[in-house]
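Visitor: I would like to go through this model with you, one question at a time, and hear the reasoning behind each answer.

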Amino acid sequence: MTTPTPSATTYPPTPHPGPAPQPAPARSRWWAVAGVIALLLVVAGGVAAVRWVRGGDDGPLAGRPRVTDTRAGLSYGVPEGWKHDAAQDKKLIGAFSSQIGNAPAAKSTETGGTVLAGRAGQAVPRAGLERATESAARSNAAFFFPDRPATLEESHATTLDGQPAHTAVLRIQGEEGSSRLKMTVVTIHGERTSFLLGLTTGAADRSVTEDVDAVLASATVD
């Protein structure tokens with residue numbers, strides 16, 4: 001499973017996401033969907049340098065390897081059975097700078113999980129985080145799951161490593177079950193805004209959903 005928010009330069013949708021969405025589309029399709037996401041009006045430049053470190057003893061995924069995404073300015077844990085591929089990070093479109101994924105354990109299941117990180121080109125003030133997060137979450141749902149109805153299940157203010165943040169959760173209905181999108185947007189020191197986007201696709205699998213939640217909960221500001 002390979003995969004991949006907010007901007008006039010966004011990414012192209014994949015027709016029918018399988019175990020996990022596929023984010024590296026042809027340039028022609030990329031420009032065809034320009035303007036899909038409202039949050040990142042300008043994609044921050046630069047290439048993410050991702051390195052492996054060991055997690056601490058507290059919090060979710062304690063002791064697990066971590067990905068430190070220097071462009072997003074975030075670090076997050078990697079659950080057991082999940083993988084990070086630096087080569088695939090280089091294939092992501094500009095809105096994303098790192099990703100981890102969990103391929104289906106067996107061919108009998110089509111459930112997969114993906115978490116992506118990135119940085120906005122403009123800082124979102126604390127007062128605007130709710131609106132920006134919900135808008136970006138819905139736009140991402142339309143991108144990854146085109147022509148499928150999405151319902152907002154949860155939206156709440158939170159903090160990420162002491163910084164103001166907001167989290168939105170959408171449920172996307174499909175013919176073979178529902179998928180889930182969870183997005184946390186954080187503004188760091190009032191100067192820059194970054195995000196984590198978690199996707200669970202295919203048949204319902206509580207363990208995959210829990211892993212996605214654990215990754216987002218493990219995030220820290222780098």
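Guide: What follows is a set of questions and answers on this predicted model.

Visitor: How many helices and strands are there in the chain?
Guide: The chain has 222 residues, of which 50% count as buried, and it exposes about 9900 Å², with carbon and sulfur atoms supplying 49% of that area. As for its secondary structure, the count is four helices and 11 strands.

Visitor: How far does helix α3 reach from its first C-alpha to its last?
Guide: Helix α3 covers residues 129-144, which makes 16 residues. At 1.5 Å a residue the expected span is 22 Å, and the reach found in the model is close to that, namely 22 Å.

Visitor: Against which strands do the buried residues of α3 pack?
Guide: Several residues of α3 are buried, including Leu 129, Ala 132, Ala 136, Phe 143 and Phe 144. Polar residues appear in that buried set too, among them Thr 133, Ser 139 and Asn 140. The strands against which the buried residues of α3 pack are β7 (150-160), β8 (163-174), β9 (177-188) and β10 (192-201).

Visitor: Which element gives the most residues to the largest nonpolar core?
Guide: In soluble globular proteins, nonpolar side chains tend to be buried together. The largest nonpolar core here has 23 residues, and those that touch the most other members are Phe 96, Leu 181, Met 183, Leu 197 and Leu 199. Two or more residues come from each of α3, β8, β9 and β10, and the element that gives the most, with seven residues, is α3.

Visitor: How many residues are in the other core, the one that includes Leu 74 and Ile 188?
Guide: Phe 96 and Leu 181 are members of the largest nonpolar core. Apart from that core lies another, to which Leu 74, Tyr 76, Ile 100 and Ile 188 belong, and its size is 21 residues.

Visitor: How many residues apart in sequence are the parts that the pair Glu 153 and Arg 171 ties together?
Guide: Glu 153 forms a salt bridge with Arg 171, with 3.4 Å between the closest N and O atoms. Because Glu 153 lies in strand β7 and Arg 171 in strand β8, the pair ties together parts of the chain whose separation in sequence is 18 residues.

Visitor: Is Arg 171 buried, partly exposed or exposed?
Guide: A residue counts as buried under 20% relative accessible area and as exposed over 50%. Its partner Glu 153, at 48%, counts as partly exposed. Arg 171 has a relative accessibility of 22%, so its class is partly exposed.

Visitor: Which residue forms a salt bridge with Arg 180?
Guide: Arg 180 is buried, with a relative accessible area of 8%, whereas its partner counts as partly exposed at 23% relative accessibility. Arg 180 lies in strand β9 and the partner in helix α4 (residues 206-218), so the pair ties together parts that are 33 residues apart in sequence. With the closest N and O atoms 3.0 Å apart, the partner is Asp 213.

Visitor: In which helix do Arg 206 and Glu 210 both lie?
Guide: The side chains of Arg 206 and Glu 210 meet in a salt bridge, at 3.0 Å from N to O. Arg 206 counts as exposed at 66% relative accessibility, while Glu 210 counts as partly exposed at 42%. The two residues are four residues apart, about one turn of the helix, and that helix is α4.

Visitor: Which residues do salt bridges that share partners join into one network?
Guide: The structure holds four salt bridges. Those that share partners form one network, and the residues joined in it are Arg 180, Lys 182 and Asp 213.

Visitor: What is the distance of the polar contact between the side chains of Ser 155 and Glu 134?
Guide: Ser 155 is found in strand β7 and is partly exposed, with a relative accessible area of 28%. Although Ser 155 and Glu 134 are 21 residues apart along the chain, their C-alpha atoms are separated by 7.5 Å. The side chain of Ser 155 also makes a polar contact of 2.8 Å with that of His 166, and for the side chain of Glu 134 the distance is 2.5 Å.

Terms used: Residues are numbered from 1 along each chain as its sequence is written. This is a predicted model: local features need pLDDT of at least 70, side-chain atom pairs count only at pLDDT 80 or more; totals for chains, interfaces and linings use all residues. Side-chain values use heavy atoms; hydrogens and water are left out. The expected span of a helix is 1.5 Å times one less than its number of residues. Buried means under 20% relative accessible area, exposed over 50%, partly exposed in between (1.4 Å probe, protein chains only). Contact means heavy atoms within 4.5 Å. A nonpolar core is a set of buried Ala, Val, Leu, Ile, Met, Phe, Trp, Tyr and Cys residues joined through side-chain atoms within 4.5 Å. Accessible areas come from the Shrake-Rupley method with a 1.4 Å probe; for residues, only the protein chains shown count as cover. A polar contact is a pair of N or O atoms within 3.5 Å; within protein, one must be able to donate a hydrogen and the other to accept it, and residues adjacent in sequence count only if both atoms are side-chain atoms.
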